[in-house]
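Reader: I would like a close look at one part of this model. Please keep it brisk.

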Protein chains: 2
Amino acid sequence: MNVMNDSPRRKELTRQAAQLFVQEGFDRTTVRMLAEEMGIKSGSLFHHFRDKQEILAAVIEEGTRNALAIAHAALESCDRDPQARLQAMARAHLETLLTDRNAHVVALYEWRRLDDDARAHLGHLRDAYEALWEAVIDEALAAGLIHGDRFLVSRFVMGALNWTVRWYDPEGERSPEELGRELVAMLMAPRG
Amino acid sequence: MNVMNDSPRRKELTRQAAQLFVQEGFDRTTVRMLAEEMGIKSGSLFHHFRDKQEILAAVIEEGTRNALAIAHAALESCDRDPQARLQAMARAHLETLLTDRNAHVVALYEWRRLDDDARAHLGHLRDAYEALWEAVIDEALAAGLIHGDRFLVSRFVMGALNWTVRWYDPEGERSPEELGRELVAMLMAPRG
DNA sequence: GAGCTAACCAAGCAAGCGCTAGTGTGAATG
DNA sequence: CATTCACACTAGCGCTTGCTTGGTTAGCTC
């Protein structure tokens, strides 16, 4: 019916939707609320998105793609040793909270509201992000930098990491850089 | 209008509601679905609960009270040394997932759906539980068992811990006892 | 056996929901 | 100048929602 490409207009609408989804939750956010936030009428919304679910998928896709891009960039521009790479990943993760916090909160809390297709599609994106972490964790384990069961360590780290969205203020006193260092130090066996 | 005490019937209804809230999410669970699951008609539901929100509050309160009780018991019946206490807390946390997983998932994901009063009330319960953890973590820090910033360590641990609800199967191969040990070992500086 | 009460039911109301159909409009395109 | 297109609007359909109302029933107590 309508054009569903990713126009700049659609990107902006997605950003505003993310904000509302965080404030109210996906189910409680009505298309009328979304439209009002966007400065249009509720009917016009369906010119940009097929249905309400697609807005949710767009929000999560946007956030995850950015996180992936930032993580990739961080890994490419850091030292090769396992500790530097761990820190780079942690810093990258905290940095995305600066620009895409809303999207990440939505991804964390509203994932189950996605329909099967969107979940499958976005699942791959998410897996790619987690695979980056697991690779870096594997390197750190192999180097003896951290210790413990591979499966457990990665769940543990993922949990701690995802939880940051609940308490970390990227505009507060501690920089992503600094916090990433401390987070990694906590995991490591003390040197010397 | 009706009696809102905590009758055994109400406890049972609360347990069933928790299951549905996990499956569908709070907002998507209609009073009609709840009633059907309970084997009554939707109108009858309001004999037991003032409104839908109160069911959510009941679910979370039940789960948190149990977690607190189990944690207290675990701390009272374990050795005094910091490592034993950390392990006891971790084991207790994983044990509650055996009996109250639904309630904990609901507490984690649907907390924001609570109205202000319920949130304040249940917030104190939750704080009490987290305070137990923080005390034990403080002891471990003071004893040099683990290292790092007090604030960060506790957030990190809380995150990893709350995340367990997403992957840990208490009826699987690893017992809560065993997993608690591994989780604590991961945090600790290696001995000897 | 009258009175009370917890537990339930049938019926439905008012409000709100996602979404559609059909139309208007100003700018770009041929 | 005619056509197309992106974008927005108005109006409302069909349905579901949380919750209320007014009444019934089975079991208990005095």
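Is A:Thr164 buried or exposed, and what is its relative accessible area? Please go on from there to the surface near DNA strand C.

Author: This is a predicted model, where local features need pLDDT of at least 70 and side-chain atom pairs count only at pLDDT 80 or more, while totals for chains, interfaces and linings use all residues. Residues are numbered from 1 along each chain as its sequence is written, chains are lettered from A and ligands numbered from 1 in the order in which they are written, and side-chain values use heavy atoms, without hydrogens and water.

A:Thr164 is buried, at 1% relative accessible area. Buried means under 20%, exposed over 50%, and partly exposed in between (1.4 Å probe, protein chains only). A:Thr164 sits in helix α7 of chain A, residues 150-167. Helices are DSSP runs of H or I, at least four residues, numbered from the N terminus. Beyond neighbours within four places in sequence, A:Thr164 contacts A:His93, A:Leu94, A:Leu97 and A:Arg101. Contact means heavy atoms within 4.5 Å.

Now the DNA. Around strand C there are 17 residues, and A:Thr30, A:Val31, A:Lys52, B:Lys41 and B:His48 come nearest. Near means that a heavy atom of the residue lies within 4 Å. Both α2 (31-38) of chain A and α3 (45-48) of chain B supply at least two residues of this surface. Phosphate oxygens of strand C lie 2.9 Å from a backbone N or O atom of A:Lys52, 2.5 Å from a polar backbone atom of B:Lys41, and 3.1 Å from a polar side-chain atom of B:Ser44.

Terms used:
A polar contact is a pair of N or O atoms within 3.5 Å; within protein, one must be able to donate a hydrogen and the other to accept it, and residues adjacent in sequence count only if both atoms are side-chain atoms. Ala, Val, Leu, Ile, Met, Phe, Trp, Tyr, Cys and Pro count as nonpolar, Asp, Glu, Lys and Arg as charged, and the others, Gly among them, as polar.
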